[in-house]
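Here is a short, friendly tour to read with the structure open beside you. Take the topics in any order that suits you.

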Amino acid sequence: MSSKLFAPIKLRELELANRVVVAPMCQYSAENGNMTDWHMLHLGSLSNSGAGLLIVEATGVEPEGRISLGCPSLANDENEAAMKRVVTACKRYGTAKIGIQLGHAGRKASCTRPWEGKSASEPLKSDTGAWPTKGPSAIPFAADWHVPSAYTIPEIETLKAKFVDATKRADRIGYDLIEIHGAHGYLLHEFVSPLSNKRTDQYGGSLENRIRLPLEIFAAMRAVWPKHKPLGIRISAVDWVEGGLTIEDSVFFAQKLKDAGCDFIDVSSGGNDPHQKIALRPGYQVPFAEAIKKATGMTTMAVGLITEAEQAEAIVADGHADMVALARGFLDDPHWAWHAAWKLGADVPVSVQYARATLKTWPPAKRYTEMPKAAE
Ligand SMILES: Cc1cc2nc3c(=O)[nH]c(=O)nc-3n(C[C@H](O)[C@H](O)[C@H](O)COP(=O)(O)O)c2cc1C
């Protein structure tokens, strides 16, 4: 059998060795928005996981757009230098292409690291470093959360400029791809969802108005991001709440993104309302990716409770999605893609330093990476 999961895919000029993606994962281990040695260990390991693409965690386009004090930002030269150190090492020694998730946490910014909250992240207090948050409307995520101030039009213009600045920095760092964070109840999702956006100007009301900001940001970023590099977005396809976003809304949004030149949609869901009722089961978000792919022809990435090689293979082989992203699966097994390839009888990129592992555990992989090059 020739694996479809391990078949290469091209996004613009970027060639991925396979369709396995390491999903973005916050590490809450940055200092002053700067990546640390933890990121070197974590991303260094996952850049050698066999996945075709590794997407770096949610990164704020401004310090106030970070989820927590431990999240990275890409807003100044210090942030850029700290990130470049890590990404250069991953590109030099790793086998995966590397992308970054750029976003803004909106009304869900200014939170604790998850292990500092009672059961999960919770809003910071003034004595633990809270900062003022902003959102589409002055509506908190939940009763005991920060009440954001509603973006003014001049503030929206400044925000767009920050996305553009971070995009230029991402290019200088050497990222191969950008994924805009438009999911999980963070700022851009807050604008798109009728649950959090009650504006009466051109950025609120109708679906066309609610998707205006992410589309404007997409266009502004696309204008400065090199033509050969892919730019995509992660969305929450549904809110899992009555009166919230539906898959029909997301298909409409996806079509507009496609028209704007979006290269892929990473299809997640939820995160914008504590009352959400998610029907959790293996691959529970795959039908959303499939619906978007079928209706628009967009290149899609499926994510969420995908853990097994055969399951991932079927998602791609049966045409439900073009790529499959895993988060927790890669924390559990940083060589998940090696092991999936072995099960599926496929070829997978292995760094030369680890080549002997392949001799020991399965027929040698044919595709070794090139010998390390001088850092760019
Ligand atoms: C530790 C951790 C951190 C995460 N951080 C992010 C993030 O930075 N951006 C994002 O869009 N999703 C984030 N997620 C969600 C994952 O990318 C993924 O969508 C989710 O975990 C479902 O996939 P899984 O079942 O393979 O874990 C995170 C998940 C985990 C477990």
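The notes below go through the barrel, the helix contacts and the ligand surroundings.

This is a predicted model, so please read each point with that in mind. At its heart for this briefing is a closed barrel of eight strands, and a ligand shell of 20 residues is described as well.

**The barrel**

- Going round the barrel, the strands run β3-β4-β5-β8-β9-β10-β11-β12, and the pairing is parallel.
- Leaving direction aside, neighbouring strands of this sheet are turned by 25 degrees against each other on average.
- One pair to look at is β11 (residues 300–303) with β12 (residues 323–326), joined in the parallel sense over three bridges.
- Within that pair, Met301 stands opposite Met323 in β12.
- Helix α6 (residues 212–224) packs on the sheet, where α6 touches β8 (177–182) and β9 (231–236).
- The direction of α6 makes about 165 degrees with that of β8.

**Helices α7 and α8**

- Helix α7 covers residues 247–259 and helix α8 covers residues 286–296; their axes come within 9 Å.
- The two axes cross at roughly 50 degrees, an angle between the limits of 35 and 65 degrees, and α7 and α8 are therefore oblique to each other.
- The crossing of α7 past α8 is right-handed.
- On the α7 side, the contact is made by Ile247, Ser250, Val251, Ala254, Gln255 and Lys258.
- They meet Phe288, Ala291, Ile292, Ala295 and Thr296 in α8.
- Sorted by class, this contact has seven nonpolar, three polar and one charged residues.

**Helices α9 and α11**

- Helix α9 (residues 309–317) and helix α11 (residues 336–344) pack with their axes 9 Å apart, at an angle of about 75 degrees.
- Since angles of 65 to 115 degrees count as roughly perpendicular, α9 and α11 are therefore described that way.
- Ala309, Ala312 and Glu313 in α9 meet Ala340, Lys343 and Leu344 in α11.
- The residues of this contact divide into four nonpolar, no polar and two charged.

**Around the ligand**

- Which residues are the closest to the ligand? Among the 20 that surround the ligand, they are Ala23, Met25, Ala58, Ala327 and Arg328.
- Strand β4 (53–60), part of the barrel, supplies at least two residues of the shell.
- Helix α10 (328–332) likewise supplies at least two.
- By class, the shell has 11 nonpolar, six polar and three charged residues.

Technical notes. Residues numbered from 1 in each chain as written. Predicted model: local features only at pLDDT ≥ 70, side-chain atom pairs only at ≥ 80, totals over all residues. Pairing = 2+ DSSP bridges. Helix = DSSP H or I, 4+ residues; strand = E, 2+ residues; numbered from the N terminus. Axes fitted to C-alpha atoms, helices over the stretch in contact; angles between N-to-C directions. Contact = placed C-beta atoms within 7 Å. Parallel < 35°, antiparallel > 145°, perpendicular 65-115°, else oblique. Left-handed = near helix turned anticlockwise from the far one by under 90°. Nonpolar A, V, L, I, M, F, W, Y, C, P; charged D, E, K, R; others polar. Near = placed C-beta within 6 Å.
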